[in-house]
Amino acid sequence: KMEKQVCEYKKDRIYHLLRERLVSNFYKPGERLPNDRSFAKEFKVSLVTLRPILKRLSEEGLLIRVLRQGTFVPPERKANTVLVVIPQNNNIENPTQYILPGIETTLPLYGLNIEIAYLEDFRKLDMKTCIEKIKQIKPYGIILFASSIMPDDPELIWAKGANVPVVIVSNRKNDNRYNLAKIGVNTKEAWISGFKYLVNKGYKKIKILTLKTDSRDWSEKELAQIYRKMGLQNPNDFFYKAIFTQESIESAIDLMIQNGIPDAIYCYSDFYASIAMNYLQKKYKKQIPEQIAIMGYCGYPGRIFLSPSLSTVDTHYKLQGQKAVKILTTAETWFQKPGIKPPIITVPFTVDEKESTSLKIVKK
């Protein structure tokens with residue numbers, strides 16, 4: 001065990017040393033580096049220890065490894081600004097503000113800067129002007145925030161017309177129809193994992209509080225079938241819709257309680273859950289989770305400060321931002337490469353149990 005720890009320490013030390021050399025231009029752009037054996041001799045490690053480090057740096061876009069030719073520093077980047085296009089929405093439920101820190105903290109590691117622009121401003125321009133303004137910036141690439149992309153959306157057209165690598169963040173329909181790199185969670189799988197978690201905890205009277213226009217890619221009919229399959233109670237009375245306002249959510253909770261008190265409520269987001277939990281405690285004097293369990297979805301960082309702390313399906317917002325940058329920095333391996341499709345990365349999700357669902361139901 002000690003030998004393994006020493007080996008990992010060596011790997012980390014050499015990785016950070018080489019990374020610092022590459023980012024600081026210690027090696028010149030396009031320079032051919034010493035062969036693997038020379039590097040191994042310099043750092044006093046085996047080839048088995050060295051090669052995973054070089055592979056990692058290559059995957060990060062800091063090295064180019066060419067079979068039978070050697071290892072090279074990538075050509076000089078003439079552009080070092082990444083254009084990040086975000087919706088002009090500062091509401092607490094907007095995931096942009098939780099994904100963006102992952103981008104902002106990762107770009108400097110690759111010697112890149114950030115230029116933030118609002119999606120709404122781009123939509124005010126005609127297509128030609130929009131593309132011209134992007135070309136004036138001469139961006140290294142574009143990171144575009146969009147919950148979904150349709151073929152005729154203007155941002156899709158100007159993103160392609162800019163002729164630079166584009167990564168779409170938070171595209172829940174993770175497919176490659178538009179030939180752009182994408183990153184996000186599999187929303188359908190992530191959301192149902194929270195539901196299954198509640199069932200495994202022993203809850204039988206589960207009601208869903210969701211957005212009026214969206215149920216995380218699930219239809220009411222599909223969910224009703226799952227209810228019946230799992231033998232849950234009230235398969236015809238479980239679905240309650242609200243817009244994201246306190247009044248609308250509280251009205252939905254009132255109707256839910258009138259139709260029979262549930263033992264658990266699964267909410268569209270952590271923000272829906274926060275309002276619902278507070279309302280149940282104040283108006284109905286319900287103890288959470290002793291009388292009603294509350295489950296959120298998304299992974300709002302402040303959920304641990306709620307009372308009680310909120311269980312959720314964490315979609316790892318910051319990690320999405322970090323991985324978006326990593327995809328962009330490897331664009332030379334996929335951008336405008338014949339026969340190679342841009343990568344589509346699915347970020348993992350986790351069910352994070354906190355106090356709001358911490359009790360396991362005991363059958364009476």
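**Helix α10 and the parallel sheet it packs on**

The buried residues of helix α10 pack against strands β8, β9 and β10 and against helix α11 (270-282). In this predicted model, the buried positions of α10 are S248, I249, E250, A252, I253, D254, M256 and I257. An α-helix has 3.6 residues a turn, so residues three or four places apart point the same way. Helix α10 itself has 13 residues and reaches 18 Å from its first C-alpha to its last, close to the 18 Å expected at 1.5 Å a residue. Just after α10, G260 takes a positive phi of about 125 degrees.

The sheet beneath this description is an open one of 4 strands, paired in parallel and arranged in the order β9-β8-β10-β11. Because β9 (239-242) and β11 (293-295) stand at the edges and have a single partner strand each, one side of each is left without a neighbour in the sheet. Neighbouring strands of this sheet are turned by 20 degrees against each other on average, when direction is ignored.

Within the sheet, β8 (residues 206-211) and β10 (residues 264-267) pair in the parallel sense over 4 bridges, and the bridge partner of L209 in β10 is C267. Helix α10 (residues 246-258) packs on the sheet, where it touches β8, β9 and β10, and its direction makes about 160 degrees with that of β9. Another helix, α9 (residues 220-229), lies across β8 and β9 and runs at about 165 degrees to β8.

Definitions and conventions:
Residues numbered from 1 in each chain as written. Predicted model: local features only at pLDDT ≥ 70, side-chain atom pairs only at ≥ 80, totals over all residues. Heavy atoms only, no water. Pairing = 2+ DSSP bridges. Helix = DSSP H or I, 4+ residues; strand = E, 2+ residues; numbered from the N terminus. Axes fitted to C-alpha atoms, helices over the stretch in contact; angles between N-to-C directions. Contact = heavy atoms within 4.5 Å. Expected span 1.5 Å × (residues − 1). Buried < 20%, exposed > 50% of the residue type's maximum accessible area, 1.4 Å probe, protein only.
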